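I opened this entry to work through the fold piece by piece. My notes follow in the sequence I looked things up.

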Amino acid sequence: MGWLQRLFGLEKPQQTAQAPAQPAQTPTGEPVPPERVGLNGEYDQSGLAKRVALAFDNDPELDDVDTLYVAQTGTTVVLKGKVPSQAILTKMVAVAKTVNGAAAVETNQVSVG
């Protein structure tokens with residue numbers, strides 16, 4: 001089971017969605033901030049966390065660590081739980097930072113070992 005499936009109950013998209021012809025809008029008609037853009041360009045309150053989970057799924061070096069969870073607080077990706085090594089955590093932080101809308105990655109709720 002992959003990250004996206006375990007954390008959000010979603011299947012990994014077959015291909016990366018193309019950018020929508022019209023920019024996504026919030027329910028009030030405002031442009032969607034990058035951290036709220038879902039997997040298919042739609043407004044999604046957890047869009048950044050879902051796109052980080054997808055990025056983890058797409059990285060062959062990152063197996064699903066079933067003791068780690070991905071959340072978000074605004075533009076901050078929040079990792080919580082346990083990882084087997086510091087190298088894996090470092091790689092996860094690096095991957096998460098590449099996702100559009102991620103301004104920071106918080107790891108103070110992660111234990112290593």
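I began at a turn. β1 and β2 make a hairpin, and two residues sit between them. I checked the backbone there and found that G74, in the turn, has a positive phi of about 65 degrees. I keep in mind that this is a predicted model.

Next I looked at the pairing of the hairpin strands. β1 and β2 run antiparallel and are joined by six bridges. I picked out one position: A71 stands opposite V78 in β2.

Then I went to the other side of β2. Strand β2 covers residues 76-83, and seven bridges join it to β3. Here the two strands run parallel. I noted two bridge partners in β3. G81 has V110 as its partner. The chain gets from β2 to β3 by way of α3, and I recorded this β-α-β crossover as right-handed. The other partner I noted is V112, which is bridged to V83.

I then put the sheet together. What is the strand order in the open sheet? I read it as β1-β2-β3, three strands with mixed pairing. The edges are β1 (68-73) and β3 (104-112), each of which pairs on one side only. From one strand to the next, the twist averages 15 degrees.

**Helices on the sheet**

I turned to what covers the strands. Helix α2, residues 47-58, lies across β1 and β2. I logged its direction at about 145 degrees to β1. Helix α3, residues 86-97, also packs on the sheet and touches β1, β2 and β3. The direction of α3 makes about 160 degrees with that of β3.

**Helix against helix**

How do α2 and α3 pack, by angle and by distance between their axes? I noted an angle of about 125 degrees, with the axes 9 Å apart. The angle lies between 115 and 145 degrees, so α2 is oblique to α3. On the α2 side I listed V52, A55 and F56 as making the contact. On the α3 side I listed M92, V95 and A96. I entered the crossing of α2 and α3 as right-handed.

**R6**

Last, I followed one side chain. R6 is in helix α1, which spans residues 3-8. Which side chain does the side chain of R6 meet in a polar contact? I found D64, at 3.0 Å. I also found the R6 side chain reaching the backbone oxygen of L68, at 2.7 Å. L68 belongs to β1 (68-73), one of the edge strands.

I then listed the wider surroundings of R6, leaving aside its neighbours within four places in sequence. R6 is in contact with M1, D64, V65, D66, L68 and Y69. Of these, I had already entered D64 for its side chain and L68 for its backbone oxygen.

Note on methods: Residues are numbered from 1 along each chain as its sequence is written. This is a predicted model: local features need pLDDT of at least 70, side-chain atom pairs count only at pLDDT 80 or more; totals for chains, interfaces and linings use all residues. Side-chain values use heavy atoms; hydrogens and water are left out. Two strands pair if DSSP finds at least two bridges between them. Helices (H or I, at least four residues) and strands (E, at least two) are DSSP runs, numbered from the N terminus. Axes are lines fitted to C-alpha atoms, for helices over the stretch in contact, and angles run from 0 to 180 degrees between N-to-C directions. Contact means heavy atoms within 4.5 Å. A polar contact is a pair of N or O atoms within 3.5 Å; within protein, one must be able to donate a hydrogen and the other to accept it, and residues adjacent in sequence count only if both atoms are side-chain atoms. A crossover is right-handed if, with the strands pointing away from the viewer, the path from the first strand over the helix to the second runs clockwise. Angles under 35 degrees count as roughly parallel, over 145 as roughly antiparallel, 65 to 115 as roughly perpendicular and the rest as oblique. A crossing is left-handed if the near helix is turned anticlockwise from the far one by less than a right angle, and right-handed if clockwise.
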